[in-house]
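Let's take a friendly walk through a protein chain together. Have a look at the picture first, then read on.

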Amino acid sequence: MKKTRLIKIILKRTGALKFLTTYIIIFAGVSIGVWIVEPNIKTPIDSVWYCFSVATTIGFGDITAVTILGRAMSIFLSICSILIIAVVPGIITSYYIESTKLKEKAVSYTHLRAHETLANL
């Protein structure tokens with residue numbers, strides 16, 4: 001539970017939560033759009049399955065986009081998915097590295113301060 005809360009705090013502080021929220025909205029919008037536009041996709045569940053296979057770049061091929069608008073939405077979702085997979089871990093890693101550097105500086109400062117105090121005695 002503590003780690004989940006820590007991840008949530010990191011996502012909020014770094015702004016990655018906004019990226020993820022925007023991506024979820026895009027995913028839902030493309031799912032609805034593909035369901036409306038594509039004649040091969042009969043149910044919303046099929047639409048989510050299709051978008052999942054596009055987003056993960058697996059592309060099972062059991063459902064395919066046949067209209068130009070459906071293909072354009074698929075390309076857009078695929079590009080957004082690749083970007084989110086690249087950007088969010090980078091943001092989190094950068095935050096972790098910076099916080100580790102700050103902790104090291106604080107420890108070394110405390111250690112040096114202790115030596116200065118002992119020398120004055």
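## Inside helix α3

The buried residues of α3 are S47, Y50, C51, S53, V54 and A55. Keep in mind that you are looking at a predicted model. Helix α3 covers residues 44-55, twelve residues in total. Just after this helix comes T57, which has a positive phi, near 55 degrees.

An α-helix has 3.6 residues a turn, so residues three or four places apart point the same way. Try looking for that spacing as you read the list of buried residues in α3, which includes S47, Y50 and V54.

## The whole chain

How many helices and strands does the chain have? There are four helices and zero strands, and along the sequence they give the pattern α-α-α-α. Of the 121 residues in the chain, 24% are buried. The chain exposes about 8900 Å², and carbon and sulfur atoms supply 72% of that area. Now take the contacts between residues at least 6 apart in sequence: 60% of them join residues at least 24 apart.

## Two helices side by side

Here is how the lengths of two helices compare with what is expected at 1.5 Å a residue.

| Helix | Number of residues | Expected span | Span between end C-alpha atoms |
|---|---|---|---|
| α2 | 22 residues | 32 Å | 31 Å |
| α3 | twelve residues | 16 Å | 16 Å |

For α2, the end C-alpha atoms are 31 Å apart, which agrees with the expected span of 32 Å. Helix α2 also has buried residues of its own: A16, Y23, F27, V30, S31, G33 and V34.

## The core

The largest nonpolar core has 18 residues, and the ones touching the most other members are Y23, F27, V30, V34, Y50, C51 and L77. Elements giving two or more residues to this core are α2, α3 and α4. V34 is worth finding in the picture: leaving aside residues up to four places away in sequence, V34 touches I41, S47, Y50 and M73.

## A patch on the surface

Which residues form a nonpolar patch on the surface? They are F19, I75, I79, L83 and V87, with about 450 Å² of accessible area together. Helix α4, residues 68-120, gives the most to this patch, with four residues.

One of the patch members, V87, is found in helix α4. Why does V87 count as partly exposed? Its relative accessibility is 31%, and partly exposed lies between the buried limit of under 20% and the exposed limit of over 50%, so V87 fits that class.

Terms used: Residues numbered from 1 in each chain as written. Predicted model: local features only at pLDDT ≥ 70, side-chain atom pairs only at ≥ 80, totals over all residues. Heavy atoms only, no water. Expected span 1.5 Å × (residues − 1). Buried < 20%, exposed > 50% of the residue type's maximum accessible area, 1.4 Å probe, protein only. Contact = heavy atoms within 4.5 Å. Areas by Shrake-Rupley, 256 points an atom, 1.4 Å probe, with all protein chains shown as cover. Patch = residues over 30% accessible without salt bridge, like charges linked within 9 Å, V, L, I, M, F, W, Y side chains within 5 Å. Salt bridge = Lys/Arg side-chain N within 4 Å of Asp/Glu carboxyl O. Core = buried A, V, L, I, M, F, W, Y, C linked by side-chain atoms within 4.5 Å.
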